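Please read the points below with the sequence and the model open side by side. They go from the rings to the core and then to single residues.

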Amino acid sequence: MQNVPEEWREGQEEGGGGGDGRMGEMLVKRKVDSERKKNGGEEAEKESLMMELTRLVQKMVKESSWWERRGIDCSILAAAFLCLPPAFLLLGSSQVLYFLAGMLLMAMAHGVITFKGTHLASHGSLSESQTWGKFWAVFFIEICGSFSAQAGVQGHIKMHHAHTNVIGLGDSSVWKAPFLPRTVYLFIAPLAVPIITPLVALAHLRGQSLALVARTVLLVTLGLYSQYWLLIHVSGFLSPLSALLCMLACRAMFSVPYIHVNIFQHIGLHMFSSTNRPKRIYQMTHGVLNLPRNPLLDWMFGHSLINCHVEHHLFPFLSDNMCLKVKPVVSKYLTEKQLPYQEDGYLSRLHFFFHKYQDLMVFAPPITELVGVQ
C-alpha cells in the first residue's frame, strides 16, 4: 500500500482532489478570499501550496483580455472550419498533388476540430456561459467527434481529472489493450480509432434515457453523413466506398500521435491508491508530464495536451492559450518549492514505451510509495 505523508493527505487539501476541476478552483478561490479577510497580512508561507499557486494564476487570468483567455483558441478552431471548403474542393481534383493536398488539409482541420475542439469543449473553456458551454460540448463531441458528450465529460472530467493516476479510477487504463503486441498497439491499431469511437459511444448509451440515446445517435450520424454527402456532391466521389475510404484516411491520419499523447503523459509515472492519495498539487506534479513544444502538435491538440499538461491538470478550466501564458509562473513556483516539474521528449517517451511495453501496458503498474518527501 501507498504511504503518504500526513500533510499530503487529500482530505486536508483545500479544493480537494476529486470532483469537477472548475468547482475545485472555485472552492479554493472562496477559501483564499475568506482567509484574506480573516488574516489580512498573513505571509504566503502560511497558505497551502495549491492555494498560493492558485492565487498567482488567478491574478494572471484576471489581468488577461478575452482574446487571451478564449479568443485565440476560438480563432484557431474557426480557421480549421474555414479550411474545410478548400479541402473538399481539392479532393475533387484529378491531379494527384492537389488531391493529396486536400486530404492533408482535411485531416489537419479534422484533427484540430476533434482533438483540440472536443477537449476544450469538454472543459467548458470555449465560453463563460454554462448554456453555451453545454452546446459546444455536444456540438464538438457528438457531431464532430462521433462520441457521446455525456460519456466524454464523465470519463475525462469526472474520472481522469478528478482521479488522475489513481489505480482503478483515473489511471488511463482505458487506453490499454494488453492483448495487442507493442508494434501493433503503438503504430497500427490507432488507425482504427475512427471506426472504434462511434462503436464505443453506442456501448456507453446502454441504460441511458431514450432522449439521450436518440440525440447522440442522430448527432453522430449527422456528423458522419455530412462529410460523406459533401465528398459525394462537392468533391465528386463516384462511389460510396471511395468516399468512405477517404473519410477513414482523413480521420485516421493523426490517430497515432493521438494515442501516444494520451498514454505518454501519465502511464509510467507515479500511481496512487484510491484510499490514501496525496493532495492535489502533489498528485498532479508527480503524475503528469509535459511534452516539448511542437508546432504541429501544439496547433492540432492544443498546448494543454502537449507542452502545458501539468498546468492543465492543476487548472483544468484554463484554455490552451492561458495554460501557455501561466506556464512560466507555474514552472517557476514548483521549482522554487522543490516540487517536480516533469518534462520529456516525444521520441524519448516513445522509446521508453516501446522497450517497457509489457510493464507499462500489459501488467498493472505498482502503486507509488511516497515517503518522507516534504
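1. Rings of Phe, Tyr and Trp, the last taken by its six-membered ring, count as a pair if their centres lie within 6.5 Å, and the pair is called stacked when the planes are under 30 degrees apart, edge-to-face when they are over 60 degrees apart, and tilted in the rest of the cases. By this rule the count in the structure, which is a predicted model, comes to 19 aromatic pairs. One of them joins W132 and F135 in an edge-to-face arrangement, with 5.4 Å from centre to centre and 85° between the planes.

2. Where do W132 and F135 lie? Both belong to helix α6, where they are 3 residues apart, or about one turn of the helix. An α-helix has 3.6 residues a turn, so residues three or four places apart point the same way. W132 counts as partly exposed because its relative accessibility is 47%, between the limits of 20% and 50%, and F135 is likewise partly exposed, with a relative accessible area of 41%. The two rings also belong to a cluster, linked by ring pairs, that consists of F81, W132, F135, W136, F139 and F140.

3. Y185 and Y357 form a tilted pair, with 5.9 Å between the centres and 50° between the planes. Y185 lies in helix α8 and Y357 in helix α18, so this pair ties together parts of the chain that are 172 residues apart in sequence. Are these two residues buried or exposed? Y185 is buried, with a relative accessible area of 5%, and Y357 counts as buried at 3% relative accessibility. A further ring to look at is that of F354, since R182 lies over its face at 4.0 Å from the ring centre.

4. Turning to the interior, the largest nonpolar core has 37 residues, of which L91, Y185, L231, I263, F301, F353 and M361 touch the most other members. Several helices each supply at least two residues of this core, among them α4 (84–91), α5 (96–122), α8 (182–188), α17 (346–355) and α18 (357–362). A second, separate core has 22 residues, including V61, L314, F315 and V330. As an example of the surroundings of one core residue, L231 is in contact with F88, L91, G236, F237, A243, C246 and M247, once its neighbours within four places in sequence are left aside.

5. A87 lies in helix α4 and counts as buried because its relative accessibility is 0%, which is under the 20% limit. Leaving out residues up to four places away in sequence, A87 touches G102, L105 and M106. The C-alpha atoms of A87 and L104, which are 17 residues apart along the chain, are separated by 8.2 Å.

6. T118 has its place in helix α5 and, at 15% relative accessibility, counts as buried. Not counting residues up to four places away in sequence, T118 touches I113, F140, I141 and G145. In helix α7 (residues 149–161), the buried residues are A149, A151, G152, I157, H160 and H161, and what covers them includes α5, α6 (130–144), α9 (193–204), α10 (210–233), α13 (280–287) and α15 (309–314).

7. How many disulfides does a search of the whole structure find? The search finds 0. Two cysteines can still be described by their accessibility: C83 is partly exposed, with a relative accessible area of 27%, whereas C144 counts as buried at 11%.

8. An unreviewed UniProt entry lists residues 72–91, 184–205, 212–231 and 237–261 under "transmembrane region", and such annotations may be inferred rather than shown by experiment. In the model, residues 72–91 are 95% helix and 0% strand, with the end C-alpha atoms 29 Å apart. The span 212–231 is 100% helix and 0% strand, and its end C-alpha atoms lie 29 Å apart.

9. For the chain as a whole, there are 18 helices and 0 strands, and 49% of the 374 residues count as buried. Among contacts between residues at least 6 apart in sequence, 73% join residues at least 24 apart.

Key: Residues numbered from 1 in each chain as written. Predicted model: local features only at pLDDT ≥ 70, side-chain atom pairs only at ≥ 80, totals over all residues. Heavy atoms only, no water. Core = buried A, V, L, I, M, F, W, Y, C linked by side-chain atoms within 4.5 Å. Buried < 20%, exposed > 50% of the residue type's maximum accessible area, 1.4 Å probe, protein only. Helix = DSSP H or I, 4+ residues; strand = E, 2+ residues; numbered from the N terminus. Contact = heavy atoms within 4.5 Å. Disulfide = S-S within 2.5 Å. Lys NZ or Arg CZ within 6 Å of the ring centre and 35° of its normal.
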